[in-house]
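Work through the exercises below with the sequence and the model side by side. Each exercise sets a task and then solves it step by step.

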Amino acid sequence: MSVLNHAASSAASFTAARAPRPSACPGLLRIVAARDGGICRIKLPGGALSAAQAAAIAEASQRHATGVIEVTNRANLQVRGVRDGQEAALIAALVSAGLGPAPASGGVDAATWSASAVSAADDVRNVMISPAAGRDPFALYDTTSLTAELLALLQSETRFAALSPKFALLLDGGERLARLDHPHDVWLAATQAHDGVRFVFGLAGCPPTAANAAAVHVARASEFATDASRASALAAVLPSQVVQLVRALLHTFLDLAAADATRIRHLLATHSVGAVLQHAQTYVDFPLSRDASLADWQRGAPADAALRLGAHAQRVVGTWHVGGHPPLGRLDAATLHGLAALARQQGNGTMRMTPWQSVLLPDITADAVPAVLAELNALGLACDPAQPITRLIACAGSTGCAKSLADTKADALQLAARLPDGVDVHLSGCPRSCAAAHCAPYTLLAVAPGTYDLYRRDTSADFGECVAHQLTIEQAADMLEQLARSPLDA
Ligand code: SF4
């Protein structure tokens with residue numbers, strides 16, 4: 001893919017956004033060319049955006065692109081099909097809607113922010129939280145304020161511009177609606193201690209849960225794990241120490257990692273966890289060392305992804321969050337306008353994107369729930385986990401990506417008609433797996449137009465075990481039916 005870099009809005013504070021930043025990842029100011037036009041990725045703080053911002057994105061996508069908008073697996077949005085020559089105008093519209101990066105108060109002055117600093121600040125805005133943060137009745141901690149502090153930290157220290165756009169943090173408040181299977185460079189998870197909440201943390205992985213215990217075991221034994229404890233919780237800190245801890249870990253990564261290292265896992269290939277923590281200690285004023293008692297720590301509450309769909313009670317009695325899944329994570333401008341109107345009329349004027357590529361409307365009153373569900377259905381969003389389309393993900397496919405060997409989007413829609421109950425499938429046009437940061441239970445990897453190899457998740461890396469070659473979608477549906485009935489999958 002070639003990378004196009006474009007000027008920021010003359011209407012915005014950022015007046016000289018022309019300097020390239022070497023990355024192939026789309027960003028707000030770095031529109032990346034694809035087969036169906038440019039891709040502009042809009043990072044959303046905690047997946048949140050206002051109805052006004054949603055309407056602005058919808059409007060801009062129609063005016064400057066083809067009107068196709070995707071929810072990403074990091075709870076962001078991206079505009080596809082940006083037209084040649086329209087890039088600067090699109091960026092201007094999005095920045096004017098308050099969707100650009102922002103320096104922390106007391107940090108960098110926006111007026112003097114350089115173009116490359118703006119682009120870098122945009123790139124590092126990668127903190128994943130539950131879409132129900134602050135509302136989930138089972139959460140141990142409301143992570144919304146901490147998230148804002150972490151995002152401000154990431155955007156305000158000039159040195160963090162050196163971090164890769166893929167460098168990402170997970171802040172888990174213990175919600176039941178939580179995505180825990182995406183590996184993160186640094187993860188933090190709330191846990192209940194006898195005298196209050198602590199955040200345990202780990203590097204280059206996911207919070208250990210009963211569900212991923214096997215994968216953690218493999219990671220510990222893996223030849224790639226240079227330190228057996230890297231798949232475990234390392235230590236615990238107070239909530240008030242989280243920002244200082246993250247700052248210390250980021251500086252430690254930048255101090256110690258090789259020049260070509262982009263992720264914490266690269267640092268751990270050359271440095272032990274103990275050495276990393278010892279170095280991080282120099283940046284914090286509280287004791288920081290591995291806590292052996294946490295080696296077998298697991299997240300207490302099970303997560304339930306089905307809570308992203310339908311209506312569920314929030315912590316405040318009488319309020320609900322209501323969610324729906326756009327087919328294969330794609331919205332069009334009219335649908336996004338419709339969601340914005342719904343959030344204004346029935347909710348609190350905001351919405352959340354989720355890392356399952358779905359949409360959540362918070363703060364719906366009980367009497368409005370039926371109308372919101374009906375409207376989400378009318379907009380084409382699936383609200384019932386029994387609907388097969390909620391269990392399918394697919395990358396851009398051959399209509400959007402030159403690397404794809406098949407039209408994964410169209411093939412996924414064909415498969416939806418025959419998908420067995422309870423089976424989750426990822427269709428990928430090539431091994432890069434853009435649509436899934438996790439390993440799906442089943443992966444169909446394209447080998448030719450309409451033809452796929454089928455993989456079943458096991459404890460190995462990548463897609464798992466290849467169980468069948470060269471299947472059409474009809475054959476894949478038959479095979480999935482057989483596998484779903486087999487005792488191995490019970
Ligand atoms: S997974 Fe491969 S084919 Fe699909 S969008 Fe990514 S690079 Fe393209």
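**Exercise 1. Place Glu-157 in its surroundings.**

Find the residues that Glu-157 touches once its neighbours within four places in sequence are left aside, and then describe where Glu-157 sits.

Solution. Begin with the contacts: apart from those close sequence neighbours, Glu-157 is in contact with Arg-247 and His-251 in this predicted model. Next, locate Glu-157 along the chain, where it is found in the loop between H4 and strand E8 (169-172). Then consider its accessibility: Glu-157 has a relative accessible area of 21%, and since buried means under 20%, Glu-157 is partly exposed. Finally, compare sequence and space, for Glu-157 and Ala-121 are 36 residues apart in sequence, while their C-alpha atoms are 8.9 Å apart in space.

**Exercise 2. Decide how helix H3 is set into the structure.**

Determine which residues of H3 are buried, and what they pack against.

Solution. First list the buried residues of H3, which are Ala-115, Val-118, Ser-119, Ala-120, Ala-121, Asp-122 and Asp-123. Set this list against the helix as a whole: H3 spans residues 115-123, and seven of its nine residues are buried, so the helix is largely enclosed by the rest of the structure. The last step is to ask what lies against these residues, and the answer is strand E2 (30-34) together with helix H4 (144-156).

**Exercise 3. Examine the second largest pocket and the largest cavity.**

Work out between which domains the second largest pocket lies, and from which domains the lining of the largest cavity is drawn.

Solution. Take the pocket first. The second largest pocket has a volume of about 400 Å³, and among its 25 lining residues Leu-44, Pro-45, Gly-46, Ala-148 and Leu-151 lie nearest its centre. Helix H4 supplies the largest share of this lining, namely six residues, and by class the lining has 14 nonpolar, eight polar and three charged residues. Because domain 1 (3-120) and domain 2 (124-294) both give residues to the lining, the second largest pocket lies between them.

Now turn to the cavities, of which a search of the whole structure finds three of 30 Å³ or more. The largest cavity holds about 80 Å³ of space, and its lining includes Leu-44 and Gly-46 as well as Arg-74, Asn-76, Arg-125 and Met-128. Sorted by class, the lining of this cavity has five nonpolar, four polar and two charged residues. For the domains, domain 1 (3-120) and domain 2 (124-294) each contribute at least three residues to the lining of the largest cavity.

**Exercise 4. Describe the shell around the ligand and the setting of Ser-433.**

Name the residues around the ligand, and then describe the backbone and accessibility of Ser-433.

Solution. The residues around the ligand are Cys-395, Ala-396, Cys-401, Lys-403, Ser-404, Ser-428, Gly-429, Cys-430, Arg-432, Ser-433 and Cys-434. Divided by class, this shell has five nonpolar, four polar and two charged residues. Within the list, Ser-433 is found in the loop between strand E18 (425-428) and strand E19 (442-448), and its relative accessible area of 15% makes Ser-433 buried. Its phi is near 60°, which is a positive value in a residue other than glycine.

**Exercise 5. Contrast Ile-473 with Asp-363.**

Which of the words buried and partly exposed belongs to Ile-473, and which to Asp-363?

Solution. Start with Ile-473, which lies in helix H12 (residues 473-485) and counts as buried at 5% relative accessibility. With its neighbours within four places in sequence left aside, Ile-473 is in contact with Asp-411, Gln-414, Leu-415, Leu-427, Gly-450 and Tyr-452. Leu-444 is 29 residues away from Ile-473 in sequence, and the two are 9.2 Å apart in space, C-alpha to C-alpha. Asp-363, for its part, lies in strand E16 (residues 359-365) and counts as partly exposed at 24% relative accessibility. The phi of Asp-363 is near 60°, a positive value in a residue other than glycine.

Key:
Residues numbered from 1 in each chain as written. Predicted model: local features only at pLDDT ≥ 70, side-chain atom pairs only at ≥ 80, totals over all residues. Heavy atoms only, no water. Buried < 20%, exposed > 50% of the residue type's maximum accessible area, 1.4 Å probe, protein only. Helix = DSSP H or I, 4+ residues; strand = E, 2+ residues; numbered from the N terminus. Contact = heavy atoms within 4.5 Å. Near = heavy atom within 4 Å. Nonpolar A, V, L, I, M, F, W, Y, C, P; charged D, E, K, R; others polar. 1 Å grid on protein atoms, 1.4 Å probe; cavity = no way out; pocket = protein on both sides within 12 Å on 5 of 7 lines; lining within 4 Å. Points joined across faces, edges and corners; volume = space filled by probe spheres on them. Domains from an automatic or database assignment.
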